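Student: I am new to this structure and would like a close look at one helix and its surroundings. Could you take me through that part slowly, and explain each term as it comes up?

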Amino acid sequence: MIRLLIAFVAGAGIGASLLHWSTGDDRYSWVWMAALPITIIGLVLVNVARSFASMAPPDPEAVEAARAAGRLAGAKVLDVRRTGTVINDVPQYDVELLVDPRDRGPYRTVVRELIDAAQMPGRLLGTVLAVVRVGEDAPDVAIVDEPAPPVRIHATPDAPLWERDPDKPVPGRRRPILPVGRKGRGVRFLVYLLIAAVGVAVPTWQQRDDVLLGVRSGGVGHGDASYLSGPGRVAEAVQRFADAAGTTTVTEVLAYDDQVWVTAPVAPGRAAYDTWWAVASNATRERPATIQPDPSEEFDLSAVDWSALPGLYEQAVEASGIPADEISSGHIAAGWIGSDEDRAVTVRVYLSGPYGSYTLEADAQGTPIGAF
């Protein structure tokens, strides 16, 4: 169950990071940043739980039932190996035993134990221990504290190693929900993949169109996912602002490759202004505007043809003479420009590179009126 939860959390983290990368929506950054440590901690806990599970003794009732069935046997210690795990300052060991049952041939198996210094004399090489074979057709044994039956001469260290099948039911041991052995790897992988896919879909499904656009374009800020050159991107972002703010009155709109910034009144009729951050899927009020505009700078979003901005940006890039790969920064600004007599809502495209800069000015409908 823990592994399934980890697969879901990892998938949700992947989905959130994909959404953040492809749309620029900062709401999802905390999801993948939280999912990463949770996944890592979960994997560590799974490994710790696996170590504990491998040491868990069978149910006492199952051991007594096996003893009553005559499955008490002697087992000689062949090897004791440290696993590298230490729990409460007690090292963990893999103890290899040569088990000599009376109802089948001898075999070797491994028991994982925590063994402190006081217990180590009882696990010295060659020591014969009493064990109970929990399952009739399984190598699992439980070491019991009683006189051990002798190990017969023919039970040599050349006996085959009988490895435990973790997916096979054994009396007294809980069977995992999913197969954990080698035979179940394919099924396990498919289940984890499906659960992770569900996790990916949870944050991304409602915005799958934006995600697909970002993936096709190489992430937010590139190609059609850019708020400078992508068709309809600025229009989507200002609409998200209008939905969140409940107004279409603004004093300035600034579009960058990966985001849009809007300056708008704090409340209708109040001469105080906030800066809003917006992308195609979300808009949030960020902070008071650093420079508070004059109320005379207000205009309605409908005054600008936002669909004309990508074409205007492409015109500016072409007319600037600055190679596209040398443009170090660029943005589009919409707002009131000019003196009191000829003032109008104007759109300007600003480009800069290592050898110069260029500005293309257009009216609110995207018709160029000058450059400098």
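Tutor: The buried residues of helix H3, which spans residues 60-68, are Ala62, Val63 and Ala66. Here, buried means under 20% relative accessible area, exposed means over 50%, and partly exposed is in between, with a 1.4 Å probe and protein chains only. Helices (H or I, at least four residues) and strands (E, at least two) are DSSP runs, numbered from the N terminus. Because the three buried residues cover an arc of only 100 degrees around the axis, they are on the same side of H3; the arc is that of the directions from the helix axis to the C-beta atoms. An α-helix has 3.6 residues a turn, so residues three or four places apart point the same way. On the other side of H3, Pro60, Glu61 and Ala68 are exposed.

Before going further, note that this is a predicted model, in which local features need pLDDT of at least 70 and side-chain atom pairs count only at pLDDT 80 or more, while totals for chains, interfaces and linings use all residues. Residues are numbered from 1 along each chain as its sequence is written, and side-chain values use heavy atoms, with hydrogens and water left out.

What, then, covers the buried residues of H3? The cover includes strand S4 (128-133) and strand S5 (141-144), where contact means heavy atoms within 4.5 Å. Just after H3, Gly70 takes a positive phi of about 85 degrees, and strand S1 covers residues 72-87.

These strands belong to an open sheet of 5 strands, in the order S3-S2-S1-S4-S5, with antiparallel pairing; two strands pair if DSSP finds at least two bridges between them. S3 and S5 stand at the edges, and each has a single partner strand, so one side of each is left without a neighbour in the sheet. Neighbouring strands of this sheet are turned by 45 degrees against each other on average, direction ignored; for such values, axes are lines fitted to C-alpha atoms, for helices over the stretch in contact, and angles run from 0 to 180 degrees between N-to-C directions.

S1 and S4 pair in the antiparallel sense over 5 bridges. Within this pairing, the bridge partner of Leu72 in S4 is Val132, and that of Lys76 is Val128. H3 packs on the sheet and touches S1, S4 and S5, its direction making about 100 degrees with that of S4. S1 is also joined to S2 by 10 bridges, and these two strands run antiparallel. Arg81 stands opposite Asp94 in S2, and in the hairpin of S1 and S2, which has 2 residues between the strands, Asn88 takes a positive phi near 55 degrees.

Salt bridges add further links to this part. A salt bridge is a side-chain nitrogen of Lys or Arg within 4 Å of a carboxyl oxygen of Asp or Glu, and the structure holds 15 of them. One of them is formed by Glu146 with Arg67, the closest N and O atoms being 2.1 Å apart. This pair links distant parts of the chain, with Glu146 in the loop between S5 and H4 and Arg67 in helix H3, 79 residues apart. Glu146 counts as partly exposed at 28% relative accessibility, and Arg67 likewise counts as partly exposed, at 26%.

Strand S4, which helps to cover H3, also takes part in a salt bridge, for the side chains of Asp103 and Arg133 meet at 3.1 Å, N to O. Asp103 lies in the loop between strand S2 (90-100) and strand S3 (107-114) and Arg133 lies in strand S4, so the pair ties together parts that are 30 residues apart in sequence. The partners are set in unlike surroundings, since Asp103 is partly exposed, with a relative accessible area of 47%, whereas Arg133 counts as buried at 1%. Salt bridges that share partners also join Asp79, Arg81, Glu96 and Arg108 into one network.
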